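Visitor: I should like to learn how the features of a protein model are read from its atoms. Could we take them one at a time?

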Amino acid sequence: MKKIVLLSVLAIMAWSCSQPSANISGCISSAPDTKFSISRLGATTQLLLDTIRTDAKGCFKYKYKMPNATEPAFLLLTTDSLQLTLLVNAGEKVELTSDGGPEYMVSGSENSLLLKELNKNFNISMLRFDSLYKVLDEHKGTKDYDAVYKQINIELGSVYVKQKRDAIKFIFQNPTSFAAIAAIYQRYPDGLPVFAATSDGVYFKMLHDSLQSIYPNSAYVAALRDEYEYRMRNDELSSINVEEIGFPDLDLPDVNAQKIKLSAIKDKVILIYFWVSANIEQRMENNELINLYNKYSSKGFEIYQVALDTDKPAWAKQVKTQGLPWVNVCDGLGTGSRAIQIYNIQRVPASFIIDKSGQIVASNIFGKDLEKKIAELCK
C-alpha cells in the first residue's frame with residue numbers, strides 16, 4: 001500500500017513538473033516593493049491566482065501553470081493604480097515593462113501584443129468620451145446647454161461609430177486570435193458595450209465559427225455561441241413572417257438615419273439591389289439603374305438599394321453626388337449586415353426582383369435581362 005501511495009505521489013509530482021506553463025517577468029518602475037494581484041479572466045468569471053510583491057526596483061517574476069495547454073489565458077495584473085491584461089500561451093516567456101502609465105512594453109507573446117494595440121486604441125476612444133462628458137457637465141444649468149447637448153451627442157455618436165468600426169476591422173483581421181474576443185466584449189466605463197445592438201449577434205457568430213474549429217472545448221468560444229443565440233432569439237428580424245409578405249423584410253436606415261422598411265413599398269415592382277459604394281465599377285453601374293428607373297418608375301417600379309459599406313458618410317456622399325432617386329439604405333455593418341444573411345448574399349452586386357403581388361420572381365439578373373424582366377412586370 002505504501003508503495004502504491006508513493007508511486008501516486010511521484011506521479012503527481014511528475015505531472016506538476018511537466019505541467020505547461022508561461023513565465024512572466026517584468027518591471028513596473030512606479031511600483032517598487034509593491035503587492036499586486038494576478039487573476040485569470042474566465043469567460044464569465046475572474047479568479048484570483050496569486051498575490052506577489054515587486055522588489056525595490058519594481059521587478060517581479062511569476063510562473064503561471066496553464067490549466068489548459070491548448071488555449072491562451074487572459075491574465076489581469078492589478079496594483080492600486082494600474083491594471084494590465086496579458087494573453088499568454090503555454091511555453092511563452094513574457095517580459096513586461098511599465099512606468100505605471102497607460103503605455104507599456106511587452107514582448108515574448110504575440111497575443112499580448114495584439115491585446116496591447118487593441119487596448120491602446122480603445123483607451124483613446126474612452127478618453128474622448130470622458131472629455132466630451134466633461135464639456136457637457138460644464139454647461140449644465142447654462143442657457144446654451146441644449147445646443148451643447150445636441151452637439152455633444154453627435155460627437156459621442158461619431159466616436160462610438162468609429163470605435164465600433166475599428167473593432168470590427170480588428171476582429172476580421174484576427175479571427176483566430178483570442179484577442180478578438182476582447183474586442184467583441186469591449187465596454188465603456190458607464191457599461192455601454194461597443195457591440196450593443198441585437199443585430200451584432202452576427203459578429204459573435206462569425207468569431208465563434210472561426211475559433212470553434214481550433215478551440216472546440218473552450219469556455220470562451222462557448223460563451224460566444226451563447227451570446228449569439230441569445231441575440232438571435234431577441235432579434236426582431238429573426239421573427240420575420242415571410243409567408244405574410246412573400247419575401248424577407250428589411251428595415252434599414254437611409255441617408256437621414258430614418259429606417260425604411262422594404263415592406264412599406266406597396267403595389268410596386270421592386271428591385272432589391274446590393275452594392276458597395278466604394279467600388280468604382282458598381283458606382284458606374286448606377287448610371288444604368290438611373291436610366292431604368294427614369295423609364296419605369298412612373299409605371300410602378302421602385303428600387304430598394306442596400307449598400308454593404310462600413311463608412312456611412314462616404315456612402316451618403318456617393319448617393320448625393322450621383323443623385324440616386326430611389327430608396328437608399330445602409331446600416332454601416334458591411335459584411336456583418338443581417339441583410340447579407342437574410343438574402344444569402346455571396347457576392348455583390350446582387351439583385352432580387354419582387355413583383356406587385358409581393359413574390360420574389362427573379363434574382364441576380366443584370367443589364368438587358370434585368371430591363372426585359374422589369375418591362376414585363378410593369379405592363
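Guide: We shall go through aromatic pairs, two helices, some buried polar residues and the backbone. Please keep in mind that this is a predicted model.

Visitor: How many aromatic pairs does a search of the whole structure find?

Guide: The search returns 18 aromatic pairs. The angle between two ring planes decides how a pair is classed, and planes under 30 degrees apart count as stacked. For Phe74 and Phe178 the ring centres are 6.5 Å apart and the planes meet at 20°, so this pair is stacked.

Visitor: Which parts of the chain does the pair of Phe74 and Phe178 tie together?

Guide: Phe74 belongs to strand β5 (residues 73–78), while Phe178 is in the loop between α3 (145–173) and α4 (179–184); the pair therefore ties together parts 104 residues apart in sequence. Phe74 is buried, at a relative accessible area of 6%, and Phe178 is buried too, at 1%.

Visitor: Why is the pair of Tyr293 and Trp326 classed as edge-to-face?

Guide: Planes over 60 degrees apart count as edge-to-face. The planes of Tyr293 and Trp326 are at 65°, with ring centres 5.6 Å apart, so the pair falls in that class. This pair also links distant parts of the chain, 33 residues apart: Tyr293 is in helix α8 (residues 280–296), and Trp326 is in the loop between α9 (312–322) and β13 (327–329). Both Tyr293 and Trp326 are buried.

Visitor: Which residues form one aromatic cluster?

Guide: The cluster consists of Phe122, Phe129, Tyr133, Tyr160 and Tyr188. A ring may also have a charge over it: the charged end of Lys116 sits over the ring of Tyr104, 5.8 Å from its centre.

Visitor: Let us turn to helices. Which residues of α9 are buried?

Guide: The buried residues of α9 are Trp315, Ala316, Gln318, Val319 and Gln322. To read such a list, one looks down the helix axis: in α9 the buried residues fall within an arc of 155°, so they line one face of the helix. Pro313, Lys317, Lys320 and Thr321, on the other side of α9, are exposed.

Visitor: What covers the buried residues of α9?

Guide: The cover includes β9 (251–253), β11 (269–275), α8, β12 (301–307) and β13. The ends of α9 can be read as well. At its start, a side-chain oxygen of Asp311 comes within 3.3 Å of the backbone nitrogen of Ala314. After α9 comes Gly323, with a positive phi near 65°.

Visitor: What span should helix α2 have?

Guide: Helix α2 (residues 110–138) has 29 residues, which at 1.5 Å a residue should span 42 Å; the end C-alpha atoms are 43 Å apart, in agreement. Its buried residues include Leu115, Lys116, Leu118, Phe122 and Phe129. The buried residues of α2 pack against β5, β6 (83–88), β8 (104–107), α3 and α4.

Visitor: How should I read a polar residue such as Gln305: is it buried or exposed?

Guide: One takes its accessible area, then its partners. Gln305, in strand β12, is buried, with a relative accessible area of 0%. Its side chain and that of Trp326 are joined by a polar contact of 2.7 Å. Residues up to four places away in sequence aside, Gln305 touches Tyr273, Trp275, Asn286, Leu289, Leu324, Trp326, Val327, Asn328 and Val329.

Visitor: Where does Gln186 lie?

Guide: Gln186 is in the loop between α4 and α5 (201–212). Gln186 is buried, with a relative accessible area of 5%. Beyond its neighbours within four places in sequence, its contacts include Leu118 and Phe122, both among the buried residues of α2.

Visitor: Finally, what is the general expectation for phi and for peptide bonds?

Guide: Most residues other than glycine have a negative phi, and most peptide bonds are trans. Here Asp33 has a positive phi, near 45°, in the loop between β1 (21–28) and β2 (35–41). Asn364 also has a positive phi, about 50°; Asn364 lies in the loop between β15 (360–363) and α11 (367–377), and is partly exposed at a relative accessible area of 41%. The peptide bond from Val348 to Pro349 is cis, with omega near 0°, and Pro349 is in the loop between α10 (338–342) and β14 (350–354).

How values were computed
Residues numbered from 1 in each chain as written. Predicted model: local features only at pLDDT ≥ 70, side-chain atom pairs only at ≥ 80, totals over all residues. Heavy atoms only, no water. Phe/Tyr/Trp six-rings, centres within 6.5 Å; stacked < 30°, edge-to-face > 60°. Helix = DSSP H or I, 4+ residues; strand = E, 2+ residues; numbered from the N terminus. Buried < 20%, exposed > 50% of the residue type's maximum accessible area, 1.4 Å probe, protein only. Lys NZ or Arg CZ within 6 Å of the ring centre and 35° of its normal. Arc of directions from axis to C-beta. Contact = heavy atoms within 4.5 Å. Polar contact = N/O pair within 3.5 Å; in protein donor to acceptor, adjacent residues only side chain to side chain. Expected span 1.5 Å × (residues − 1).
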